[in-house]
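Work through the exercises below with the model in view. Try each task before reading its solution.

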Amino acid sequence: TLRVYTIMKAKGDLKEFKVIGRRFPTEKNKNPTLYRMRIFAPDEVAAKSRFWYFMKKLRKIKKTNGQLVYIAEITDKHPTRIKNIGIWLRYDSRSGTHNMYREYRDITVAGAVTQCYRDMAARHRARTSTIQIIKVECIPAKKCRRPHVIQFHNSKIRFPLPHRVCRGHFKKIFAPRRPTAFQ
C-alpha cells in the first residue's frame, strides 16, 4: 500500500486558529473530553491537519475516531500596536530534539510566529514540519531577555539617515560645487 504524508509548509503569512475537538461519543463515554489548541497554520486545512497531528501524539486520538467541534481564525485585538512576543518551541535537528525560547517584536502574534519559522529555517535549518510551538505570549518590556528586542525599548531612539546622495534623472552631469550628502 502507498501512503502519502502531507508536510505542513509555512507558505505566506501564518494565521492563528482556535481548534476544539474530541473523541467520538460512544455508549461507554457519551460526553467525551473536549481538547482546545492554538494552532498557527497558513490556512484552515493545515490547521485541522496540525490539530490531529498533536492529538495523535498527546492523547492517542486519531482523525478516524475523533471529531472537530469548532474551528475559527483568531485575530489580534490591537493589530496596529507593537508587541514583544515570547515563543517557547521545540524542534528536531539533525542531532536531536531541542527546546528553545525566542523573542520577537511584531504587531500581531501570527506575524511573530511567521518570523520565528523563517528565523528557525535560516539559523538552524529547521523544517516547518519539525517545529512545534509550545507557548506564545505577549510579554512586557521589563521581562524581555534578548538584546535585539531590548534595544528598541529606548524612548529616545533615533534612526538617522547619514550620507543621503541625491540620484535621479534631474541631476546635472557638471555642477559648480560638490554635492551635500549631510542634510
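**Exercise 1. Overall form**

How much accessible surface does the protein have, and what share of it belongs to carbon and sulfur atoms?

Solution. Start with the ground rules. This is a predicted model, where local features need pLDDT of at least 70, side-chain atom pairs count only at pLDDT 80 or more, and totals for chains, interfaces and linings use all residues. Residues are numbered from 1 along each chain as its sequence is written, and side-chain values use heavy atoms, with hydrogens and water left out.

Step 1. The accessible surface is about 14,000 Å². Areas come from the Shrake-Rupley method with a 1.4 Å probe, and for residues only the protein chains shown count as cover.

Step 2. Carbon and sulfur atoms hold 53% of that surface.

Step 3. Turn to the extent. The C-alpha trace spans about 95 × 45 × 35 Å along its principal axes.

Step 4. The radius of gyration is 24 Å, while a compact globule of 183 residues would have one near 16 Å. That radius is taken over C-alpha atoms, and the globule rule is 2.2 Å times the number of residues to the power 0.38.

**Exercise 2. Elements in order**

List the helices and strands from the N terminus on.

Solution. Step 1. Count them: 3 helices and 6 strands. Both are DSSP runs, numbered from the N terminus: helices are H or I with at least four residues, strands are E with at least two.

Step 2. Read along the chain: β-β-α-β-β-β-α-β-α.

**Exercise 3. The sheet with β1**

Work out which strands sit at the edges of the sheet that holds β1.

Solution. Step 1. The order is β2-β1-β3, in an open sheet with antiparallel pairing. Two strands pair if DSSP finds at least two bridges between them.

Step 2. β2 and β3 (66–74) are the edge strands, each pairing on one side only.

Step 3. Check one pair. Strand β1 (residues 15–23) is joined to β2 by 8 bridges. Within that pair, I20 stands opposite R36.

Step 4. Add the helix. α1 (residues 44–59) lies across β1, β2 and β3, at about 130° to β2. Such angles run from 0 to 180 degrees between N-to-C directions, with axes fitted to C-alpha atoms, for helices over the stretch in contact.

**Exercise 4. One residue in β2**

Is I39 buried or exposed?

Solution. Step 1. Locate I39: strand β2, residues 34–41.

Step 2. I39 has a relative accessible area of 2%, so I39 is buried. The limits are under 20% for buried, over 50% for exposed and partly exposed in between (1.4 Å probe, protein chains only).

Step 3. Look at the surroundings. Beyond four places in sequence, the contacts of I39 (heavy atoms within 4.5 Å) include F17, V19, F51 and F54.

**Exercise 5. The other sheet**

Find the strand order of the sheet that holds β4.

Solution. Step 1. The order is β5-β4-β6, again with antiparallel pairing. The edges are β5 (97–106) and β6 (131–138).

Step 2. β4 (residues 83–92) and β5 share 10 bridges. One of the partners is N99 in β5, facing R90.

Step 3. Helix α2 (residues 109–124) lies across β4, β5 and β6. α2 also lies across β1 and β2, at about 65° to β2.

**Exercise 6. Cysteines**

How many disulfides does the structure hold?

Solution. Step 1. The number is 0, where a disulfide is a pair of cysteine sulfur atoms within 2.5 Å.

Step 2. For C116, the nearest cysteine sulfur is that of C138, 14 Å away. C116 is buried, at 1% relative accessible area.

Step 3. For C138, the nearest is that of C144, 10 Å away. C138 is partly exposed, at 42%.
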